[in-house]
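Student: Can we go through this one together? I'd like to see how each label is earned.

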Amino acid sequence: MALAVERKKSLIEEYKTHDGDTGSTEVQVAIINTHIRELTEHFRTHRKDHHSRQGLYRLVSKQRRLLRYLYRQNVQRYRNLITRLGIRDTISGRRS
């Protein structure tokens, strides 16, 4: 259930911080977030797919670590990212 190449390229293009950027924190979080959303939809129909669910838990954990890192490095970039992605503010526990 990997992301399609075109979808990944469009995410990189949308969230890049400079030309040639493919691995900044924002890009990584956007790709992981998209994958999490796709897996969440997958579990609506395949409730007993426990092996993939473990992968989902790992992705959620990785996303939280990346967001925590971004929060420590630059709060404004963190806030912009969670607003653009529409995700919960995991550091302070508030909704953005």
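Student: Which residues touch the most other members of the largest nonpolar core?

Tutor: This is a predicted model, so keep that in mind. In it, the largest nonpolar core has 22 residues, and Tyr15, Val29, Ile31, Leu67, Leu81 and Leu85 touch the most other members. Two or more residues come from each of helix 1 (5-15), helix 2 (25-45), helix 3 and helix 4 (75-85).

Student: And which helix gives the most to this core?

Tutor: Helix 2, with 8 residues.

Student: On to charges. What makes Glu26 and Arg77 a salt bridge?

Tutor: Their closest N and O atoms are 2.5 Å apart. The cut-off is within 4 Å for a Lys or Arg side-chain nitrogen and an Asp or Glu carboxyl oxygen, so Glu26 and Arg77 qualify.

Student: Why say that this pair ties parts together?

Tutor: Glu26 sits in helix 2 and Arg77 in helix 4, so the pair links parts that are 51 residues apart in sequence.

Student: Is Glu26 called buried, exposed or partly exposed, and why?

Tutor: Buried means under 20% relative accessible area. Glu26 has 7% relative accessibility, so Glu26 counts as buried. Its partner Arg77 has 34%; that falls between the buried limit of 20% and the exposed limit of 50%, so Arg77 is partly exposed.

Student: How many salt bridges does a search of the whole structure find?

Tutor: The search finds 4. Among them, Glu13 and Lys16 meet at 3.0 Å, N to O, and Lys16 and Asp19 meet at 3.6 Å, N to O. Set against the 4 Å cut-off, 3.6 Å is within the limit, so Lys16 and Asp19 count too.

Student: What joins Glu13, Lys16 and Asp19 into one network?

Tutor: Salt bridges that share partners. Lys16 bridges to Glu13 and also to Asp19.

Student: How do you know whether these three are buried or exposed?

Tutor: Exposed means over 50%. Glu13 has 53% and is therefore exposed, and Asp19, with 67%, is exposed as well. Lys16 has 27%, which lies between 20% and 50%, so Lys16 is partly exposed.

Student: Last one: which residues form the positive surface patch?

Tutor: Lys62, Arg64, Arg65, Arg68 and Arg72. Lys and Arg count as positive, which is why the patch gets that sign.

Student: What makes Arg64 accessible enough for a patch?

Tutor: Patch residues need over 30% relative accessible area. Arg64, found in helix 3 (residues 50-73), has 41%, so Arg64 clears that bar while counting as partly exposed.

Conventions. Residues numbered from 1 in each chain as written. Predicted model: local features only at pLDDT ≥ 70, side-chain atom pairs only at ≥ 80, totals over all residues. Heavy atoms only, no water. Patch = residues over 30% accessible without salt bridge, like charges linked within 9 Å, V, L, I, M, F, W, Y side chains within 5 Å. Areas by Shrake-Rupley, 256 points an atom, 1.4 Å probe, with all protein chains shown as cover. Charge placed at Lys NZ, Arg CZ, Asp CG, Glu CD. Helix = DSSP H or I, 4+ residues; strand = E, 2+ residues; numbered from the N terminus. Buried < 20%, exposed > 50% of the residue type's maximum accessible area, 1.4 Å probe, protein only. Core = buried A, V, L, I, M, F, W, Y, C linked by side-chain atoms within 4.5 Å.
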